[in-house]
Amino acid sequence: KKLQAQKTTFVSNASHELRTPLASLKTRLYLLKKQPDKLEEHLPVMEEMTLHMQTLLEEMLDIGRFERGTVHLDRERGVLQELVGEVVENYQSRANRRSINLSLHLEEPPIKVLVDHKRFAQVVTNLISNAANHVQQDGHIDVSVRLDPSSNGRKIALVEVSDDGVGVSPEMLSQIFQPFSSASQGLVSGTILGLSLAKEIIELHGGEIKAESPAQKGTRFTIRLPALDT
């Protein structure tokens with residue numbers, strides 16, 4: 001009964017979350033008809049709202065696929081620094097529009113991994129998007145890639161996404177990878193769904209992901225992923 005109640009609240013919150021960008025789109029279309037000369041001002045906002053709705057819908061569909069066990073990884077070799085760097089570069093314009101400082105720190109030498117490139121990019125994008133939703137204007141998001149120096153002989157790669165935002169309460173932190181319980185608190189935003197999917201995807205790769213919010217000041221997500229020897 002508790003799970004059913006959480007799912008019911010989830011559907012309600014998800015519907016609300018779709019309604020918000022849709023209302024923004026309608027407003028921008030109305031203004032655009034009245035102010036056709038301001039296309040450059042309205043178009044980026046419309047594109048971002050459309051992407052937000054598309055992401056939320058895709059994540060809702062993905063949750064069903066994971067529950068049915070129908071998600072399969074298409075793994076390819078790749079350099080982790082390049083994969084993460086591409087995601088950060090693609091997100092940079094969105095960060096700039098929100099006056100967020102997004103920085104990237106890549107350790108050498110290249111770290112080779114065997115991952116589903118599209119799914120892994122989905123994970124990193126969701127972590128950055130989640131951080132962006134928790135920082136104020138002129139806030140900072142730091143993304144780093146390095147090898148774990150304390151991996152006891154195993155070659156483990158670390159990807160960290162940290163922010164200097166408001167942080168997360170211990171109660172929320174313990175449930176942050178559970179989409180229905182998170183949604184029941186009114187926190188569905190696409191990224192909350194994405195955090196649940198991130199956990200599923202990373203675990204399918206044989207890795208793990210954790211979240212920390214020391215003294216509820218900022219949040220840090222850490223991905224531990226097996227790396228290839230050569």
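This is a short talk on one helix, the nonpolar core, the salt bridges and one leucine in the structure above.

Please keep in mind that this is a predicted model. I will start with helix α3, which covers residues 80-97. The helix has 18 residues, and from its first C-alpha to its last it reaches 27 Å, close to the 26 Å expected at 1.5 Å a residue. Within α3 there is also a kink of about 40 degrees, and the kink is centred on Tyr91. After the helix comes Ser99, with a positive phi near 55 degrees.

Which residues of α3 are buried? They are Leu80, Gln81, Leu83, Val84, Gly85, Val87, Val88, Tyr91, Arg94 and Ala95. So Tyr91, where the kink is centred, is on the buried list as well. As background, an α-helix has 3.6 residues a turn, so residues three or four places apart point the same way.

Two of these α3 residues also appear in the next part, on the core. The largest nonpolar core has 44 residues. Leu80, Val84, Phe120, Ile128 and Ile141 are the ones with the most contacts inside it. If we leave out residues up to four places away in sequence, Val84 touches Leu104, Phe120, Val124, Val143, Val145 and Val159. Phe120, then, is a contact of Val84 and is itself among the core residues with the most contacts.

Gln81 is a polar side chain to look at in the same helix. Is Gln81 buried or exposed? Gln81 has a relative accessible area of 7%, which is under 20%, so it counts as buried. Again leaving out residues up to four places away, Gln81 touches Leu106, Glu107, Pro109, Pro110, Ile111 and Val145. Val145 is also on the contact list of Val84.

Now the charged pairs. Side chains of opposite charge can pair when their charged atoms come close. The count here is six salt bridges, and I will go through three of them.

One involves α3: the side chains of Glu48 and Arg97 meet at 3.3 Å, N to O. This pair links distant parts of the chain, with Glu48 in helix α2, residues 39-68, and Arg97 in helix α3, 49 residues apart. Glu48 counts as buried at 17% relative accessibility, whereas Arg97 counts as partly exposed at 43%.

The other two share Arg224. Asp148 and Arg224 form a salt bridge at 2.9 Å, N to O. Asp148 sits in the loop between β4 and β5, Arg224 is in strand β7, and the two are 76 residues apart. Asp148 is buried, at 12% relative accessibility, while Arg224 is partly exposed, at 24%.

Glu208 also meets Arg224 in a salt bridge, at 3.4 Å, N to O. Glu208 lies in strand β6 and Arg224 in strand β7, so this pair ties together parts that are 16 residues apart in sequence. Glu208 is partly exposed, with a relative accessible area of 42%. Taken together, Asp148, Glu208 and Arg224 are linked in a network of salt bridges.

The last item is Leu204, found in helix α7, residues 191-204. Leu204 is partly exposed, at a relative accessible area of 38%. What does Leu204 contact, leaving aside its neighbours within four places in sequence? The contacts are Phe66, Val71, Leu73 and Arg75. Leu204 and Val71 are 133 residues apart in sequence, and their C-alpha atoms are 9.4 Å apart in space.

Key: Residues are numbered from 1 along each chain as its sequence is written. This is a predicted model: local features need pLDDT of at least 70, side-chain atom pairs count only at pLDDT 80 or more; totals for chains, interfaces and linings use all residues. Side-chain values use heavy atoms; hydrogens and water are left out. A nonpolar core is a set of buried Ala, Val, Leu, Ile, Met, Phe, Trp, Tyr and Cys residues joined through side-chain atoms within 4.5 Å. Buried means under 20% relative accessible area, exposed over 50%, partly exposed in between (1.4 Å probe, protein chains only). Contact means heavy atoms within 4.5 Å. Helices (H or I, at least four residues) and strands (E, at least two) are DSSP runs, numbered from the N terminus. The expected span of a helix is 1.5 Å times one less than its number of residues. The bend at a residue is the angle between axes fitted to the seven residues ending there and the seven starting there. A salt bridge is a side-chain nitrogen of Lys or Arg within 4 Å of a carboxyl oxygen of Asp or Glu.
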